Amino acid sequence: MIEAIYISDNSNTLVFEYLLKLSSPSFKSLINIVQSKLNEIEGEQEKIPLIRINNDYYTCFEKTRNLTIYVLVSSVNIKVNPLIPYVFIKHLLEVMEDYFGAPLAVTKIEAHNDTLNLIANELIQEGIPNVTDSNRLRDIIPLKSLLSRILSTTNEFAERAIQSTNGGQSSSPSLGSGGSGMGSGMGSLHKYKGTSSTTDTPWRRTNVKYTNNEMFVDIVETINVILKPTKLKNQKAATLSSSATGGFDSAYYNGGHHPSGALSTSSTKLLPVAGTIDGEINFTSHLTGVPELQLVLNVPSSIDLQVPSFHPCIKIEKWINSGVLSFVPADGKSTIMQYQVDVGAVKKTSYSDVLGLVDVDFQTGLGLNENEFEIRLFIKQQQKAVTKIEDLVIKIFTTNVQKSEGEISVRSTRCTHGEFSHKGNGNSEWNVRTVSTGTQPILRGVITSDENEDDVDSFGEQKKEVQTDVKGLGKTFSPSYLKLSYSNKGHIPSGIKVDSLKIISTRGLGDTVKPYKGVKYITKTGEYVIRA
Amino acid sequence: MTQPFAKISSMLESARDLTIEAAVSASSRFAETSPSVMGYQEVIKLLNSRNERDILSGMKCVMASISRGESSTSGADDNGTEDALRYFGDVVKNITCGNTVVKNLILIYLTKYAELEPDTALLSINTIQKSLNDKNPITRYTSIRAMAGIKISSISPITLLCIKRTVSDLHPDVRSATAIAIGKLYGLEDISSSTKKQLFEFLTKLLSDSNPIVVGSALKTFYQIKDSVLTSSISQSLEKKKWNVLHASFRRLCRLLPTLDEWSQSFLIDILTEYSRLFLPKPKIYREGGEVSDYDQLSAQDNIDNYEVSMDADLQLFIDSLKPLIYTNSEFVILSISKALMSLAPPKTYQQMQLVPVTIRLISPTSNFQVAYFALQAIRSVVVQNRFIYEHYFKRFYIYPDDLPSIAQLKLEILSMLANESNMPLIFEELKSIVFNSNSNLIAKQALVCIGRCSQISDVWNQRILKWCLKQITKTEGLILDELLTSIRYLVQTKNHTTANDSLAKTIYRLSLLITNSDNKIDSEAKASIIWIIGEFTNHTYNQIGPDVLRVLIPNFANEADIVRYQVLVLSAKIMAFELEAIVGENEIKYFFEENIHAKMFSHILQLCKYDNSYDTRDRARMLSILLSGQHHESKLATLFLQVPKNAPLIGFRNGDGKNTNLANSSEIFQSYYKKIPDWADPSGHPAASVRKEILSKLNGGNENVVTSISSQNFLSKSQSPIPISEHAFSSKDFQSGVPKITPKETYRLQSLDDFFGNEDEEEEESDEDDDEDDDDEDEESDNSDEIEESDEDEDDAVEEEDEGYGQAEVDGNPDEANPTSSDSEDSDTDSSTTNHLLRK
């Protein structure tokens with residue numbers, strides 16, 4: 001069970017500690033052990049999920065930008081689910097951000113020491129996470145800043161006034177009681193909110209009010225895929241690539257641009273070895289009252305969402321029966337659904353649709369010395385909604401070189417967009433940044449080893465020698481893999497679309513209110529790997 | 001017109017957000033300076049102020065000094081605790097302060113330090129107790145929790161009384177705090193076992209509460225209590241009985257599962273998993289041939305398509321109740337489900353529940369490291385038991401370049417277990433590319449290990465992999481080459497030697513070519529390993545290859561590295577031993593030593609080794625020279641220890657390996673959770689399934705043990721009439737006597753065992769504080785009216801006992817409708833009584 005919470009800054013100076021028992025160890029006695037364990041793995045690219053202190057205790061920690069949060073867990077009697085400490089920290093961070101404002105900092109923690117004590121006391125009771133939902137917490141512990149309280153109360157007053165003129169809701173407390181609350185000191189200000197809501201919709205506070213009702217759906221998909229060139233018989237390649245380019249805007253397609261030609265002539269094609277598209281639907285709700293919403297998704301037939309995970313607010317039976325998301329949203333931002341599409345399970349003909357808007361052609365072993373490579377990107381112009389691809393970066397890794405073969409360096413000989421830089425250690429980066437759709441950036445590069453770099457640099461007769469030299473080693477240098485990263489808005493690879501977002505019941509919202517609805521589609525890349 | 005209006009209001013809203021933001025940062029800056037600078041005297045002054053605001057800032061200072069764990073700033077040699085204790089009296093006296101924030105801070109302070117200053121702390125008890133009557137549920141909620149949190153054993157009777165009252169509080173949050181309080185009180189050191197029994201009764205009541213939040217808290221408390229170690233002997237009998245609390249609620253809890261919060265869900269799943277192991281029969285499997293067996297007799301080879309599963313109805317109910325939970329967004333709940341299914345049902349059920357895609361989703365590169373790590377651990381545990389269910393998904397365990405070594409290692413381990421004839425070509429391709437393209441040597445090494453392990457799937461693959469490994473020797477170096485040679489050794493040794501002698505000889509030949517071909521530049525360590533392998537298997541090649549290798553090596557002996565020289569010596573010794581073996585006669589030996597080329601080479605090597613730098617080599621040479629000097633028994637000994645079959649190298653994923661102890665620890669922590677589960681209890685010891693019959697009738701069954709074991713003194717001293725010992729006797733007697741309607745008084749006695757305590761408590765309470773009398777009386781009345789209903793239902797059950805299944809199903813079907821009147825009326829009764837009470841006050 002959880003025994004203590006410690007918050008330190010990133011140089012391991014304690015900022016806040018909350019010990020559940022008198023006998024719980026203090027941060028000072030702990031940090032040395034933790035630090036020594038962390039030192040053990042320093043240098044390796046590694047993390048430790050849990051740090052064992054001794055037979056009875058282990059800690060779990062999470063680093064944020066300014067703070068490190070440790071949770072000490074005792075495993076003496078109770079063997080606790082090992083993911084609980086981690087999820088607990090996640091909740092703690094959410095709650096702290098909710099109460100103290102987004103970028104958490106040491107000063108904020110110090111200033112709100114008392115509130116944090118109260119929060120910790122609610123979050124955890126007898127070592128077991130208690131109330132961790134920030135919406136429920138706010139009912140118990142008020143947001144305490146004096147100014148903000150005045151602001152919010154005046155706001156409430158104003159709204160109440162508006163509502164009373166509109167013949168508004170009976171649920172809102174009368175002006176008188178609010179006023180007396182103000183008078184009798186801070187304590188009585190936090191009125192207890194209705195009980196019914198805590199059971200039906202524990203994730204939502206009852207008295208949510210907005211002058212401006214709006215709701216936003218953001219669908220974010222992350223592509224994780226490993227692509228590998230696969231040799232195709234010419235005929236097959238042609239059919240595949242034509243089907244791949246079939247989705248292109250026809251005007252663009254007929255425009256005689258290169259990409260389609262390049263695709264159909266190349267005898268190898270990048271096909272996914274394995275991969276997934278990880279999607280999540282984020283919902284931002286600024287809605288008054290307790291409305292019930294229905295979100296209908298249009299999922300293409302080729303996409304299998306497998307078993308998605310849902311926010312507790314989603315009615316699972318409705319999803320199972322009719323594939324519709326029906327829910328009373330939590331106030332503010334929440335991730336209502338997460339799903340995963342297996343790229344391997346998608347039909348071969350629709351591969352290129354699933355892999356996003358950037359097609360890659362990657363060839364190695366070019367040039368006289370067979371040590372050149374070429375990367376061509378085809379930015380598809382599939383949808384009018386997408387005009388540009390952002391943060392397009394390609395990292396080129398050359399890891400398949402033995403130490404005995406010397407330091408290698410990578411140079412670019414042709415680079416149409418962005419800039420190319422060598423990062424050392426065989427890694428280099430082509431930073432294309434933002435590029436508009438329909439373009440075709442190309443990079444051509446050479447890889448040389450420092451042992452025979454001089455020879456390569458000076459052209460002429462020596463070149464032939466180098467070539468034989470390289471052959472003699474049985475080695476032609478070529479990148480081992482590329483990592484592609486970009487993001488774009490307006491299109492997601494799975495092709496999922498929001499068909500409709502309806503308000504089914506408007507408890508406390510008023511039938512006449514038509515909230516603003518917004519939908520956003522965002523594509524990101526996680527591990528987009530292209531092998532040579 | 002509306003649009004500009006909306007715009008303006010949205011602007012206002014954002015302006016408001018901005019101001020709030022500003023306010024937060026402003027106030028933080030303002031507060032930043034105050035607490036730390038304050039000295040002891042100033043804080044005391046603040047705490048003794050009359051102004052609430054001053055007290056609040058005083059409290060803030062106190063809390064700050066605690067939570068910063070500072071001792072150095074306060075000077076002297078006192079540590080943090082003593083530092084905080086200096087304020088004790090001044091803090092506690094403010095308990096009467098009207099400000100809730102101050103009060104809550106004091107309660108936090110008090111629960112932590114009360115045990116160190118029990119006398120002063122007692123002064124606050126009365127105030128806390130009084131606040132249990134507060135109108136504001138939050139006050140009652142914090143008070144009962146704090147009350148139980150004060151670790152002074154002398155107040156435990158009072159706390160018990162308070163708990164008794166708040167157990168039936170109107171507000172769910174207060175009841176849920178009561179559940180927490182029960183856990184706190186139970187955890188106190190010197191609590192009498194009768195108190196513990198009572199606490200269990202309260203907990204039972206809360207477990208059957210109508211509000212999921214309350215049930216959730218009760219479950220958390222139960223989870224905590226169930227594993228706490230009890231010392232006294234009386235308590236140990238309680239140990240076994242604590243599960244009785246669950247009998248009655250089992251089915252209801254299964255149904256409630258989806259409505260609980262994520263923590264409670266996870267705890268409940270763990271609890272019910274343990275419960276099922278203790279009280280439910282094992283599932284059976286029916287194989288295609290009509291064979292029936294327990295599910296745990298399935299071997300890892302049993303394909304899931306070959307059998308059907310049949311389970312106890314209650315176990316099925318529990319497993320079915322997990323179905324909606326696979327859609328949860330809490331990763332640890334999935335871990336709990338996976339644990340439950342693995343420990344309660346055969347792999348087929350695991351697959352049917354769609355847990356395979358759910359767990360696999362957790363290991364995606366977008367999910368958090370810890371989540372992925374533990375999900376992989378869970379998957380590994382499942383795959384060890386049955387690999388078929390994940391077989392289809394092997395591609396999902398491919399490694400991404402940025403995977404951390406710990407993740408990669410688990411993935412590889414799973415991959416090697418999933419490999420079979422049909423997917424091996426793909427897996428092999430994948431592993432090969434990892435070996436050469438990975439950023440991290442560690443991962444590349446692991447991939448090689450994985451390749452080695454995959455060789456076990458068939459002889460054909462063994463051969464194919466071996467061939468590949470041999471090809472790679474010249475292309476690799478360092479760590480990877482080491483691992484490659486270990487793999488080769490493993491592959492050679494695990495080959496089936498009777499059938500594959502030819503291919504073995506071929507392998508050795510290929511290895512020998514590597515050595516003899518002077519164009520190859522091989523690492524000396526690798527060279528040494530290869531020479532060892534050639535020597536080790538020289539008798540498998542009838543000593544055809546070894547001598548030739550030796551011949552090539554001798555001229556360059558002096559230029560080789562230490563380890564290579566040593567291995568050359570060993571090789572020559574092995575060759576000698578093989579040759580000596582073949583010779584029998586005395587003369588022949590003499591002739592052999594004089595003429596045979598093998599003997600000549602050996603003696604030459606010995607000669608060379610005499611002047612070796614390494615004393616190890618020199619020593620070994622002397623020893624071998626004596627052993628192989630031609631004396632028959634000695635040469636036998638030499639053969640014995642030179643050719644003793646060696647174990648194949650351990651080609652596993654070595655968790656304990658030096659640097660990885662941290663990971664080993666994490667994995668251990670996982671195992672201690674995932675694998676820790678009691679064994680299936682002997683079915684003959686199980687109580688009848690009817691104990692799990694729903695709610696009220698079952699409460700009797702559940703309480704029976706607790707009730708009967710309550711000290712008989714109570715009976716004797718208080719009994720108005722002779723009472724049969726068990727409640728069952730009661731109900732049956734009533735049933736037999738055929739009294740259709742039971743008078744209130746009799747029902748009172750029917751439930752008397754519970755109520756005796758209530759009575760006694762109430763009497764105590766009456767003497768303690770007269771204020772509460774009315775309240776309690778009214779409670780009692782409402783209790784009584786409730787009990788009539790209970791006993792009525794008892795009878796119904798008794799009638800239906802014969803065909804329990806049906807009667808039960810009805811109750812199961814719509815429990816909320818089954819006794820809506822009773823619970824509702826109870827609620828409204830207590831409702832009105834309390835409001836009356838409040839009004840009167």
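Guide: Strands are DSSP runs of at least two residues, numbered from the N terminus. The model discussed here is predicted.

Visitor: Which strand of chain A holds Arg433(A)?

Guide: Arg433(A) lies in strand 19 of chain A, which covers residues 427-436.

Visitor: What is the phi of Arg433(A)?

Guide: Most residues other than glycine have a negative phi. In Arg433(A), a residue other than glycine, phi is positive, near 60°.

Visitor: Is Arg433(A) buried, exposed or partly exposed?

Guide: Partly exposed is the class between under 20% (buried) and over 50% (exposed) relative accessible area. Arg433(A) has a relative accessible area of 42%, so Arg433(A) is partly exposed.

Visitor: Where is Asp391(A) found, and what is its phi?

Guide: Asp391(A) belongs to strand 16 of chain A, residues 388-397. The phi of Asp391(A), a residue other than glycine, is positive as well, near 50°.

Visitor: How should the open sheet of 5 strands in chain A be read?

Guide: The strand order in chain A is 2-1-5-4-3, and the pairing is antiparallel. Strand 2 (14-19) and strand 3 (51-52) stand at the edges; each has a single partner strand, so one side of each lacks a neighbour in the sheet.

Visitor: How many bridges join strand 1 to strand 5 of chain A?

Guide: Strand 1 (residues 2-9) and strand 5 (residues 67-74) of chain A run antiparallel and are joined by 7 bridges. Within strand 5 of chain A, Val71(A) is the bridge partner of Ile5(A).

Visitor: Which helix packs on the sheet?

Guide: Helix 4 (residues 113-123) of chain A does, touching strand 1 and strand 2 of chain A. The direction of helix 4 makes about 35° with that of strand 2 of chain A.

Key:
Residues numbered from 1 in each chain as written. Chains lettered and ligands numbered in written order. Predicted model: local features only at pLDDT ≥ 70, side-chain atom pairs only at ≥ 80, totals over all residues. Heavy atoms only, no water. Helix = DSSP H or I, 4+ residues; strand = E, 2+ residues; numbered from the N terminus. Buried < 20%, exposed > 50% of the residue type's maximum accessible area, 1.4 Å probe, protein only. Pairing = 2+ DSSP bridges. Contact = heavy atoms within 4.5 Å. Axes fitted to C-alpha atoms, helices over the stretch in contact; angles between N-to-C directions.
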